[in-house]
Amino acid sequence: MITRAPRGTQSSTTTGPRTTPLWQQALARAIKDPETLLQRLGLPSTSLPSAQAGHRLFRTRIPESYLARMRPGNPDDPLLRQVMPRNEETHELPGFVSDPVGDHDALAAPGVVHKYHGRALLLTTGACAIHCRYCFRREFDYAEHNPAQDDWEPALDYIAGHPELHEIILSGGDPLALSDVRLKRLADRLAAIPHLQRLRIHTRLPVVLPERVDDALLTWLGQGRLQHVLVLHANHPREFAAPADAALRRLQAAGITLLNQAVLLAGVNDDVETLVELQEAGFRLGVLPYYLHQLDRTRGTAHFEVPDARAHALYQALHARLPGYLVPRLAREISGAPGKTLLALFPGRE
Ligand SMILES: *Cc1c(COP(=O)(O)O)cnc(C)c1O
Ligand code: SF4
């Protein structure tokens, strides 16, 4: 049960441990500096200067439960690679820019990104439980473009005024970083807009901070007029290991549709075995693959890029290995396009 804080002390940091949900306590305990990260994994401090250079651009943040799924002593661990800052993030390379997907140009109302037909993104919070080094939003100015705390009015007005919208996608940051009190209030307001049919939530929290999937979340998420879809984000099969597996089983038992999007990342999942295992591990927990994204060319992320030719080869191998329903759509976000651009399935004629 979530306990509502007294007015004016809504922020979890001002409430005592008795009233703070366990997941918020777990979030507060996340690792926030590269030195601790290296120590906890038994890695030499020789890579500390490089890590600090990246950390200065985008702060380190790793929940304990995610750390527990890494292999100690392995500097190349695919989970560690996603979250360990490094000096390469300071490199300026042609084509790698601060807003590669053009979010800044597409804000239709405060916090609303309406680029695609029938659905719009609502940017709910800048906060995330984990800081993924490849993130395309690492430089997005959330403070400027998010609805103020609890002030959804301009965004709701916009959505109510656009009957062609059938689906709202809560995005961020990570929408599940918000409290259930605020999320339920927002979900209720959206459910009252008659032309909406679905509420989709893009979140990495059930995977990286499984404590988030508690009774309070399941209660509101399992109810309401709108169909609820959760699009998770896991890139490596080990991210589906305990304790995330139990959290996802509970979500599935609550009747929520679960999909996964992954990003194709060099040194993390750019081999067929890992990609096959990712889809199979997800499906064992009731998660269907959705997208496999080619990296957005965000400044400081070039060391994660997988060349398109390699991406195509991996994708064809994936098709050959898996039933069709376990093959995610290989896609790339192209600024200004009316939807995600799918990479061709037919054998190339290059
Ligand atoms: C990815 C995205 C969506 C959702 O697209 P789907 O193909 O429905 O998953 C919607 N709006 C924006 C701006 C997006 O980037
Ligand atoms: S959880 Fe998502 S939005 Fe947050 S840093 Fe990771 S990729 Fe970016």
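Start at the largest pocket of this predicted model, which has a volume of about 990 Å³. Its lining takes in 44 residues. To find the middle, select Phe 136, Arg 137, Ser 171, His 202 and Gln 261, the lining residues that lie nearest the centre of the pocket. Next, colour the elements that give two or more residues to this lining: the strands β2 (112-116), β3 (119-125), β4 (167-172), β5 (198-202), β6 (227-233), β7 (257-263) and β8 (288-293), together with α9 (205-208). Colouring the pocket lining by class shows 22 nonpolar residues, 11 polar ones and 11 charged ones.

**The whole chain**

Zoom out and show the chain as a cartoon. It has 13 helices and 10 strands. Of its 350 residues, 54% are buried. How many of the contacts between residues at least 6 apart in sequence join residues at least 24 apart? The share is 81%.

**An aromatic pair**

The structure has 3 aromatic pairs. For one of them, select Tyr 134 and Phe 304, whose rings meet edge-to-face, with 5.7 Å from centre to centre and 80° between the planes. Tyr 134 is in the loop between β3 and α6 (142-145) and Phe 304 in the loop between β8 and α13 (308-321), so this pair ties together parts that are 170 residues apart in sequence. Are these two residues, Tyr 134 and Phe 304, buried or exposed? Both are buried.

**Trp 23 and what surrounds it**

Move to helix α1, residues 22-28, and select Trp 23 within it. Its relative accessible area is 1%, under the 20% cut-off, so Trp 23 counts as buried. Now show the residues that Trp 23 touches, leaving aside those up to four places away in sequence: Leu 176, Ala 177, Leu 178, Ser 179, Asp 180, Leu 205, Leu 209, Glu 211, Arg 212 and Asp 214. Keep two of these on screen. The first to look at is Arg 212: its charged end sits over the ring of Trp 23, at 4.1 Å from the ring centre. The other is Asp 214, which is 191 residues from Trp 23 in sequence, although their C-alpha atoms are 8.1 Å apart in space.

**Helix α3**

Select residues 48-57, which form helix α3. Which residues of this helix are buried? They include Leu 48, Ala 51, Ala 53, Gly 54 and His 55. Add residues 34-40 to the view: this is α2, part of what covers the buried residues of α3.

**The cavity**

There is 1 cavity of 30 Å³ or more, and the space in it comes to about 30 Å³. To see what encloses this space, select Phe 240, Asn 260, Leu 278, Gln 279, Gly 282, Phe 283, Val 287, Leu 288 and Pro 289, which line the cavity. Two elements, α12 (272-284) and β8, each give two or more residues to this lining. Helix α12 supplies the largest share, with 4 residues. By class, the cavity lining has 6 nonpolar and 3 polar residues, and no charged ones.

**Leu 342 in strand β10**

Go on to strand β10, residues 341-342, where Leu 342 is found. Is Leu 342 buried or exposed? It counts as exposed, because its relative accessibility is 52% and the cut-off for exposed is over 50%. Leaving aside residues up to four places away in sequence, Leu 342 touches Tyr 291, Arg 329, Leu 330 and Ala 331. Of these, pick out Ala 331: it is 11 residues from Leu 342 in sequence, and the distance in space from C-alpha to C-alpha is 4.3 Å.

**Two cis peptide bonds**

For the last stops, show the backbone atoms. Select Gly 172 and Gly 173, which are joined by a cis peptide bond with omega of about 15°. Gly 173 belongs to the loop between β4 and α8 (180-191). Then select Ala 242 and Pro 243, where the peptide bond is also cis, with omega near 5°. Pro 243 is in the loop between β6 and α11 (244-253).

Key: Residues numbered from 1 in each chain as written. Chains lettered and ligands numbered in written order. Predicted model: local features only at pLDDT ≥ 70, side-chain atom pairs only at ≥ 80, totals over all residues. Heavy atoms only, no water. 1 Å grid on protein atoms, 1.4 Å probe; cavity = no way out; pocket = protein on both sides within 12 Å on 5 of 7 lines; lining within 4 Å. Points joined across faces, edges and corners; volume = space filled by probe spheres on them. Nonpolar A, V, L, I, M, F, W, Y, C, P; charged D, E, K, R; others polar. Phe/Tyr/Trp six-rings, centres within 6.5 Å; stacked < 30°, edge-to-face > 60°. Buried < 20%, exposed > 50% of the residue type's maximum accessible area, 1.4 Å probe, protein only. Lys NZ or Arg CZ within 6 Å of the ring centre and 35° of its normal. Contact = heavy atoms within 4.5 Å.
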